[in-house]
Amino acid sequence: MNDKKTIFSAIQPSGTITLGNYLGALKNWVNLQDDYNCIFSVADLHAITVRQDPKTLRKNILQAYALLIACGIDLQKSIFFIQSHVPAHSELAWLLNCYTQFGELSRMTQFKAKSLIHKNDINAGLFTYPCLMAADILLYQSDLVPVGADQKQHLELSRDIALRFNNTYSPTFKIPDPYIAKTGAKIMSLQDPSKKMSKSDANVNAFIGILDDPDVIMKKFKRAVTDSQADVRFAQGKDGVNNLMSIYSCVTGLSYEQIEQQFAGKGYGDFKTCVAQAVIDMLIPIQDEFKHLMKDKAYLEESYRNHAQTAMKISYKTLAKVKRKIGFIS
């Protein structure tokens, strides 16, 4: 490793990666690779807090790995592996369970929210998965973790766990800080801009999948909720327009002021069409590269296995230190 700071981030293999995922996280991952030591993972262990069909899960893991490479993860610059291929994640998660208080986990808002959605499967993994997230981060002595607003609480818990362990024994873990992008940190639903864009939305018009066909993308944007004022400007109470402006800004690099000037005197129809076309133009090269990668399964397997070996070497140094301080015999 060099003297650059280390960033860790992971994404679940959900089967659908949305435009919100891309603009809020993945696009930033790509931009970080020159300035940081980047360690990325497909978080398949996290995925099983919700019951999965094995065949579908295997497909989703491979597709997520290929899609993130297509989005710009550079295997020469970054470490990019599949989480379950590095056993240290599961082992450290158990150890950190024993340094995490029940009350801390019970206050996690995502646990409360997901418990309402998955009432018939409120399993222990759903309750304790913040400890696995802490293990993911702390194994690599991460300096920074790119997080959206909905994950800040989990990162704070990771920091608390690390501080508790360090204070109980001696300095062992780096205390990670959040890395939050200034623009596009939270892309909202196209149909209900008070909610985050989510693949699990019952209304398929609410989100854009980055593998959606161009015609589908155009139709979804044309159906996006706006308001009755018909002027493109960023303002309180214009949540739908604000969301479209945020997306357009992320894709084009234009400021809100420049966007307002571009669409002065124009209606929402023109604006929606331009936003959609900008998104389509951005996604077509990603979609083409994804199709190319999925035809080369041997390359993908070689890549994720080699990168898992690299991740194991780093993670086991931290895990061995933790076990020694707890008192286990090596």
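1. A good place to start is Ile247. Setting aside residues up to four places away in sequence, Ile247 touches Leu19, Leu23, Ile187, Leu190, Phe221, Val275 and Val279. Keep in mind as you look around that this is a predicted model.

2. Ile247 also turns up in the bigger picture: the largest nonpolar core has 65 residues, and Ile247 is among those touching the most other members, along with Leu19, Leu23, Tyr65, Phe80, Phe221 and Phe271. Helix α12 (residues 268-294) gives this core its largest share, 13 residues. There's also a second, separate core of 36 residues, including Leu96, Met133, Ala135 and Leu138. As background, nonpolar side chains in soluble globular proteins tend to be buried together.

3. Next, have a look at how α12 meets helix α1 (residues 19-32). Their axes are 12 Å apart and the packing angle is about 85°. Angles of 65 to 115 degrees count as roughly perpendicular, so that is the label for α1 and α12. On the α1 side you'll find Leu19, Tyr22 and Leu23, which meet Val279, Met282 and Ile286 in α12. By class, this contact has six nonpolar residues, with no polar and no charged ones.

4. Tyr129 sits in helix α7 (residues 124-138). Is Tyr129 buried or exposed? With a relative accessible area of 7%, Tyr129 is buried, because anything under 20% counts that way. Leaving out neighbours within four places in sequence, Tyr129 is in contact with His46, Thr49, Gln110, Lys114 and His154. Tyr129 and Ala47 are 82 residues apart along the chain, yet their C-alpha atoms are separated by 10.0 Å.

5. For a contrast, try Arg324 in helix α13 (residues 297-326). Arg324 is exposed, at 57% relative accessible area. The C-alpha atoms of Arg324 and Asn31 are separated by 37 Å, and the two residues are 293 apart along the chain.

6. On to charges: the structure holds twelve salt bridges. One of them joins Lys238 and Asp231, with the closest N and O atoms 3.2 Å apart. Lys238 is buried, at 2% relative accessible area, while Asp231 is partly exposed at 25%. Both belong to a salt-bridge network that also links Asp227 and Arg233.

7. Two other bridges deserve a glance. Asp201 and Lys195 meet at 3.8 Å, N to O; Asp201 is buried at 17% and Lys195 is partly exposed at 39%. Back in α13, Arg305 pairs with Glu301 at 3.1 Å. These two are four residues apart in the helix, which means about one helical turn separates them. Arg305 is partly exposed at 43%, as is Glu301 at 36%.

Definitions and conventions:
Residues are numbered from 1 along each chain as its sequence is written. This is a predicted model: local features need pLDDT of at least 70, side-chain atom pairs count only at pLDDT 80 or more; totals for chains, interfaces and linings use all residues. Side-chain values use heavy atoms; hydrogens and water are left out. A nonpolar core is a set of buried Ala, Val, Leu, Ile, Met, Phe, Trp, Tyr and Cys residues joined through side-chain atoms within 4.5 Å. Buried means under 20% relative accessible area, exposed over 50%, partly exposed in between (1.4 Å probe, protein chains only). Contact means heavy atoms within 4.5 Å. Axes are lines fitted to C-alpha atoms, for helices over the stretch in contact, and angles run from 0 to 180 degrees between N-to-C directions. Angles under 35 degrees count as roughly parallel, over 145 as roughly antiparallel, 65 to 115 as roughly perpendicular and the rest as oblique. Ala, Val, Leu, Ile, Met, Phe, Trp, Tyr, Cys and Pro count as nonpolar, Asp, Glu, Lys and Arg as charged, and the others, Gly among them, as polar. A salt bridge is a side-chain nitrogen of Lys or Arg within 4 Å of a carboxyl oxygen of Asp or Glu.
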